[in-house]
Amino acid sequence: MSERNEIEARLARAGGTEAVTLERRSAAGVDVVSAVIERQGRGFRGLYVAHGLDRAGRDELREAVSGGRADLIEVPLSDARQRLGRAVLAHRIAGRQLPEWAQAGHELLGDLRALTDAIDDVYLCAACERPLAPAAQIALARQAGQAAEALACPGCRGDLEEDREAERLVAWAWLRLLAGEPRKTLVLAARAEALRVDSARLDALRGAAMLKLQNPVQATGYLRRAVEREPADHWVRARLVEALTCAGYLASAGAELARLVSRRPALANHGNALAAALADARRAADGGDPLRLRAAAESFGAAA
Ligand SMILES: [Zn+2]
């Protein structure tokens, strides 16, 4: 019977979280993948897999997953997988590790890579579950998915929005960058430019992608222009500090670092560590240890 291979998907919502379960009957019992997802933001609270459960075990797991606060209702498998795919991206953008079995892919999840590849918006409206506007996707991703308040889509806020294809592409490129896929970012940036997005608006993206691809000299050019365009953007200035350091432009790196810390004193502690590494390297006859400098730059970049 084909029923053996059928995957049943269920969904429960309670407060700020949702629970998704995928189940399949096998000869040994029921195989279950279940997930608790933060509805706004940071991906999974928990992601579990269990094999060959009996009925009681399955009910217990479901109860644990949905917290007993909401019933799990059956939904189309594609809908459940879409929710899981978004959560995977949000999880990665938040800098959190997926369990190994999920990274490797799991039969019940399907082709996770293909699934996440096709997702061009990660964050949904708290009220209606439609995607947030492209600019909000970018802003939220740059805060690693942490919003100060529940965010609403333009429709729910009563704004008129021009949801242009090009804006969606720019947001998609940012989401990919922050999920750790710089090559995909560059491809999407090129597609956005082909749709007449001003290339100056893509400098920050391209510079940050080049930096991730260990191409700090090229990154520096893009990031310098981006900082000139948006001097108050601390995130981009921090990438510039990182790129200058990795490219060996130690004096410029020190100067940009001082500028950034004066604008954002909260970074002073992390900034001091990098400033010390830069000063040591400038004193050393051979220009210092490049690996140590890069480590100092990366740890500063991660904090900024
Ligand atoms: Zn909405």
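**A walk through the sheet around β2**

Let's start in the middle of things: seven of the ten residues of β2 are buried, so this strand is largely enclosed by the rest of the structure. Buried here means that 20 or more other C-beta atoms lie within 10 Å of a residue's own. Keep in mind that what you're looking at is a predicted model.

So what sits around β2? The strand belongs to an open sheet of five strands, and reading across you get the order β4-β3-β2-β1-β5, with antiparallel pairing. At the edges stand β4 (44-53) and β5 (73-75); each has a single partner strand, so one side of each is left without a neighbour in the sheet. On average, neighbouring strands of this sheet are turned by 25 degrees against each other, direction ignored.

Now look at the two strands that flank β2. On one side, β2 (residues 17-26) pairs with β3 (residues 29-38) in the antiparallel sense, over ten bridges. To get your bearings along this pairing, find alanine 19, which stands opposite valine 36 in β3. Leucine 22 is another handy marker, standing opposite valine 33 in β3. The link from β2 to β3 is a hairpin with two residues between the strands.

On the other side there's β1, joined to β2 by eight bridges, and again the two run antiparallel. Here arginine 13 has glutamate 18 in β2 as its bridge partner. These two strands also form a hairpin with two residues between them, and in the turn you'll find glycine 15 with a positive phi of about 55 degrees. As a general reminder when you follow side chains along any of this, in a regular strand they alternate between the two faces of the sheet.

Next come the helices. With β2 and β3 paired over ten bridges, helix α1 (residues 55-66) packs on the sheet, where it touches β1 (7-14), β2, β3 and β4. The direction of α1 makes about 5 degrees with that of β3. Helix α2 (residues 77-93) packs on the sheet too, touching β1, β2, β3, β4 and β5. The direction of α2 makes about 125 degrees with that of β2.

Finally, zoom out to the whole chain. The domain assignment gives domain 1 (3-117), domain 2 (123-197) and domain 3 (198-304). Taken over C-alpha atoms, the centres of domain 1 and domain 3 are separated by 39 Å.

Key: Residues are numbered from 1 along each chain as its sequence is written. This is a predicted model: local features need pLDDT of at least 70, side-chain atom pairs count only at pLDDT 80 or more; totals for chains, interfaces and linings use all residues. Two strands pair if DSSP finds at least two bridges between them. Helices (H or I, at least four residues) and strands (E, at least two) are DSSP runs, numbered from the N terminus. Axes are lines fitted to C-alpha atoms, for helices over the stretch in contact, and angles run from 0 to 180 degrees between N-to-C directions. Two residues are in contact if their C-beta atoms, placed from the backbone, lie within 7 Å. Domain bounds come from an automatic or database domain assignment. A residue is buried if 20 or more other C-beta atoms lie within 10 Å of its own, exposed if 12 or fewer, and partly exposed in between; C-beta atoms are placed from the backbone.
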